Amino acid sequence: ILLAYIAMVIAREQRSSRDAAIRLSTIDPLTSLFNRGFFFAALEREIARSARSGRGFCLLMMDLDELKAINDRLGHFHGDRVLNAVGQVVNDGVRRIDTAARYGGDEFVVLLPETDPTGAFVLAEKIRIGVNELALELPDDAIRPSMSVSVVSFPDDGQTADELMISADGAMYTSKRAG
């Protein structure tokens, strides 16, 4: 009985350690969204699934416009607070089947399975407005975070992960330049 108990305790600890390792390897610790590596694996799976089913999907790419100004003027502590809050806005806006990830320093992406561009635009606007309305108490009220967003769809804007990301990146910078 003692050996069975010890084996059970060891198995529980191994499961706990494995779960922690998986979390550390797939989740961005600052935003609690998935990381870039997890996102690309999900994107490749969705491309293969959509190619088989004939159903498209959309992808959002978002860039936090004021992060550099916040970091430069207020410090990285406040920049990290903004990133965390934006991650929460993104996470709150997506469905369970969507994959939201931190793509880079101040860039975020969302994979939207079986979503048409109209639905993707609605979510993009919901997230953009949510970021604009963030109630963050920053030392300088003149700095307000805003977000530039792009929407691309498979297969119209690209048939590979690279093509989709290049299209999304170009569209996002067009959005950023347009204000």
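Ser153 sits in strand β4, which covers residues 147–154. Strands here are DSSP runs of E with at least two residues, helices are runs of H or I with at least four residues, and both are numbered from the N terminus. The model is predicted, so local features need pLDDT of at least 70 and side-chain atom pairs count only at pLDDT 80 or more, while totals for chains, interfaces and linings use all residues. Residues are numbered from 1 along each chain as its sequence is written, and side-chain values use heavy atoms, with hydrogens and water left out.

**Two residues to look at**

Is Ser153 buried or exposed? Ser153 counts as buried because its relative accessibility is 7%; the cut-offs are under 20% relative accessible area for buried, over 50% for exposed, and partly exposed in between, with a 1.4 Å probe and protein chains only. Setting aside neighbours within four places in sequence, Ser153 is in contact with Phe57, Cys58, Pro117, Gly158 and Leu164, where contact means heavy atoms within 4.5 Å.

Thr118 belongs to helix α5, residues 117–132. With a relative accessible area of 56%, Thr118 is exposed. Its C-alpha atom is separated by 56 Å from that of Ile6, and the two residues are 112 apart along the chain.

| Residue | Element | Relative accessible area |
|---|---|---|
| Ser153 | strand β4 (residues 147–154) | 7%, buried |
| Thr118 | helix α5 (residues 117–132) | 56%, exposed |

**A pair of helices**

Two packed helices are described by the angle between their axes and by the distance between those axes. Helix α3 (residues 67–74) and helix α4 (residues 76–93) have axes that come within 7 Å and cross at roughly 150°. That crossing makes α3 roughly antiparallel to α4, a label for angles over 145 degrees. On the α3 side, Leu67, Ile70, Asn71 and Leu74 make the contact; on the α4 side, His76, His78, Gly79, Val82 and Leu83 do.

**The chain as a whole**

Now for the wider view. The chain has 6 helices and 4 strands, and from the N terminus on they run α-α-β-α-α-β-β-α-β-α. Along its principal axes, the C-alpha trace spans about 70 × 50 × 25 Å. Of the 179 residues in the chain, 42% are buried. Among contacts with a separation of 6 or more, 69% come from residues 24 or more positions apart. The chain exposes about 10,100 Å², and carbon and sulfur atoms supply 55% of that area, as computed by the Shrake-Rupley method with a 1.4 Å probe.

Technical notes
Axes are lines fitted to C-alpha atoms, for helices over the stretch in contact, and angles run from 0 to 180 degrees between N-to-C directions. Angles under 35 degrees count as roughly parallel, over 145 as roughly antiparallel, 65 to 115 as roughly perpendicular and the rest as oblique.
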